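The following exercises concern empty space, nonpolar cores and single-residue environments. Each task is followed by a solution in steps.

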Amino acid sequence: MRRHSMKLVLCLFALLVPLSAQTLVNGAGATFPYPIYSKWFDEYHKLHPDVQINYQSIGSGGGIRQLESGTVDFGASDQPMNEEQLAKSKNKPLHFPTVMGAVVATYNLPGLNRELNFTPEALAGIFLGKVKKWNDAALKSANPGVPLPANDIMLVHRSDGSGTSFIWTDYLSKISPEWKSQVGPGAAVNWPAGLGAKGNEGVAGMVKQTPYSLGYVELIYALQNKMPYARVRNAAGKFVKPDLASVTAAAAGAASNMPDDFRVSITNAPGKDAYPVSSFTWLLIPGQIQDGAKKKILVDFVRWMLGPGQKMAEPLSYAPLPQLVVAKELKAIATVQ
Amino acid sequence: MAAEPVREASRARGFFGRLRAGDQAATLITATFASSVLVLTALLVYELFHGSALSRDKFGWAFLFTKIWDPVAGEFGALPFIYGTLATSALALAMAVPLGLGAAVFLSELAPPRISDALTFVIELLAAVPSVIYGLLGVFILVPLMRQAGAPYGVGVFTASVVLAVMILPFIVSISREALLAVPREQREAALALGATHWESTWQVVIPFARLGIIGSVFLALARALGETMAVTMVIGNDPKIHASLLAPGYTIAAVIANEFTEATADLHLSALIELGLVLFFLTMLLNGIARLLILSTTRRGTAQ
């Protein structure tokens, strides 16, 4: 018995010693990139056993707030901080794009679950509550020969504040002046129509379950649930299917004239192959980090993420960053003090 | 030798003295524990009040009566959420109270003890099921049923009420049963001796005798219904509007706080959500106060008779 307890104590020591030698870096924020982030932090830990990066996917807004209050060392967000937030911010975070993703319109049409075409006008009309039926002229004209039913469109949006909603409403604001003036872009907005479901999985579940419904989710949720999703007509007038190639194409335009702080929206991007509802997601790293050890780790992690890390994106259905953006970010990370 | 009893006595006094000191210490410690409840409540109110300052200053009392909830424009009103919270809770009670009371009467008065114990065990098991499980059952079973029954989306205020009713039923049954079992045997026997039937004795003697416990169970259930978050948000539709139909989507205070708190970046939005928390707190207090009054008035009437 006593020998056992001795063993136990020794084991505990064995566990504690490496723990105490580890540097712990904490982050919090966006849920959308959580799968790739947890993969990255895990792989990075394998390369550097003395470094442990913890990430809590509590939402973009929560990430920004925790970073401001100093409870975490870095944040992550699906929407860049706006001027007002940056002006008020104490630690002036720098934005570093990590990967890109797409938000897709998914639907449930019994007996007709195939790819449909949506014009921007049709999408705006549906979400404004003006296009009410599946056989509306706005949908029929974009889908010639498809027997669209006369049923009501059961509209589903996110109920929780979310970066996905921000990307979607940011797109709607760009293509519809009416949406911009009446609703505007935001993580949580005053939805003119439809009902709310919690999380990407909630919207996907509700759409899957409800005949004649339509909602929007991150591309990966539509793929995982084997749900049909729409081609959307882009700024160049072409109907584009959302996939890694079309998301990368959307970033290509932005890559050449990327602002120095990387805060850029790539919804409704130009380019004939660009999928119009695409977005970057960002890491938020304080411009000045007092703790030398943590600063070194964060800078090193960003460098690694921009190099070998990018190769892990595609298997998880995230689009890797264009080379131009990577080069620019490598310059920017050197400015962290 | 003569000193022996004296020493004995002093030892005894010392022992009792220590015991008395122990009593005082125990009183002090337990009083501290009890007052921590007050401190916690005060801190809670202070935090909610302090955190909602921005929203209270901007909207004032109008916050309670406006229907717009627009985080982008910074316009916030609590009315749809207050309506949703009260409507779902009231409907849930309307469904669960008769059902629960009936079940409690059967379990305590009519059922053979073995069946009563077995059923009570199952009911108490139901009370321990996490709310998200009820939410899932609601989404996968109730929502499709409601859609077939004619609710356009399947989710909505009525669906949420049904899920809530199922959730609070075990509380009502279990506590009411205890209250009914606590009624002295003599009360029943006296009623039967006076020529009352079994039903008359239950309805006119046992239930009135146990009414305090029954009302208590109802208000415990109400408190749970008012604050329930997860199961409700899964089936209510989360639409901050007041629709005429109970089959249409709605929203509750607890649900909107859970949904929007994580991504509320604007200070005013956060503040408005905290004020919603304050509203829910006072709503719960108000309803509990009414419950106290109800209990007081019925007790007085009881003793007058």
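**Exercise 1. The largest pocket**

How many nonpolar, polar and charged residues does the lining of the largest pocket have? Describe the pocket as well.

Solution. The structure is a predicted model.
Step 1. The volume of the largest pocket is about 820 Å³.
Step 2. The lining comprises 33 residues, and those closest to the centre of the pocket are A:Asn82, A:Glu84, A:Gln85, B:Thr265 and B:Ala266.
Step 3. Sorted by class, this lining has 13 nonpolar, 10 polar and 10 charged residues.
Step 4. At least two lining residues come from each of α3 (60–69), α4 (83–88) and α7 (163–175) of chain A and α12 (267–304) of chain B.

**Exercise 2. The enclosed cavities**

Determine how many cavities of 30 Å³ or more the whole structure contains, and characterise the largest cavity.

Solution. Step 1. Rolling a probe the size of a water molecule over the atoms reveals where empty space remains.
Step 2. A search of the whole structure gives four cavities of 30 Å³ or more.
Step 3. For the largest cavity, the volume is about 120 Å³.
Step 4. Its lining has 16 residues, of which A:Arg158, A:Ser159, A:Val189, A:Trp191 and B:Glu260 are the closest to the centre.
Step 5. The lining of the largest cavity divides into seven nonpolar, six polar and three charged residues.

**Exercise 3. The second largest cavity**

Which elements of chain A give two or more residues to the lining of the second largest cavity? Which domains contribute at least three residues each?

Solution. Step 1. The second largest cavity has a volume of about 70 Å³.
Step 2. Among its 13 lining residues, A:Met100, A:Gly101, A:Ala102, A:Leu219 and A:Ser317 are the closest to the centre.
Step 3. The elements of chain A that supply two or more residues are β4 (93–108), α10 (219–224) and α11 (244–256). The most come from β4(A), which gives three residues.
Step 4. Domain 1 (2–101 + 280–333) and domain 2 (102–256) of chain A each provide at least three lining residues.
Step 5. By class, the lining of the second largest cavity has 10 nonpolar, two polar and one charged residues.

**Exercise 4. The nonpolar cores**

Identify the members of the largest nonpolar core that touch the most other members, and list the contacts of A:Phe118.

Solution. Step 1. The largest nonpolar core has 131 residues; A:Phe118, A:Phe127, A:Trp134, A:Trp168, A:Phe280 and A:Phe301 touch the most other members.
Step 2. Beyond its neighbours within four places in sequence, A:Phe118 contacts A:Tyr107, A:Leu123, A:Ile126, A:Trp134, A:Leu139, A:Leu214, A:Ala230, A:Arg231, A:Val232, A:Arg233 and A:Phe239.
Step 3. A second, separate core of 20 residues includes B:Phe63, B:Ile253, B:Ala264 and B:Ala272.

**Exercise 5. Two loop residues**

Is A:Asn151 buried, partly exposed or exposed? Is B:Asp239 buried or exposed?

Solution. Step 1. A:Asn151 is located in the loop between α6 (137–140) and β6 (154–158) of chain A.
Step 2. Its relative accessible area is 29%, so A:Asn151 is partly exposed.
Step 3. With residues up to four places away in sequence left out, A:Asn151 touches A:Lys132, A:Lys133, A:Trp134 and A:Tyr212.
Step 4. B:Asp239 belongs to the loop between α10 (230–235) and α11 (253–260) of chain B.
Step 5. Because its relative accessibility is 5%, B:Asp239 counts as buried.
Step 6. Not counting residues up to four places away in sequence, B:Asp239 touches A:Gly194, B:Pro249, B:Gly250 and B:Tyr251.

Notes. Residues are numbered from 1 along each chain as its sequence is written. Chains are lettered from A and ligands numbered from 1 in the order in which they are written. This is a predicted model: local features need pLDDT of at least 70, side-chain atom pairs count only at pLDDT 80 or more; totals for chains, interfaces and linings use all residues. Side-chain values use heavy atoms; hydrogens and water are left out. On a 1 Å grid over the protein atoms alone, a cavity is a set of points where a 1.4 Å probe fits but cannot get out, and a pocket is an open set with protein on both sides within 12 Å along at least five of seven lines; lining residues have an atom within 4 Å of a point. Grid points are joined across faces, edges and corners, and a volume is the space filled by probe spheres set on the points. Helices (H or I, at least four residues) and strands (E, at least two) are DSSP runs, numbered from the N terminus. Ala, Val, Leu, Ile, Met, Phe, Trp, Tyr, Cys and Pro count as nonpolar, Asp, Glu, Lys and Arg as charged, and the others, Gly among them, as polar. A nonpolar core is a set of buried Ala, Val, Leu, Ile, Met, Phe, Trp, Tyr and Cys residues joined through side-chain atoms within 4.5 Å. Buried means under 20% relative accessible area, exposed over 50%, partly exposed in between (1.4 Å probe, protein chains only). Contact means heavy atoms within 4.5 Å. Domain bounds come from an automatic or database domain assignment.
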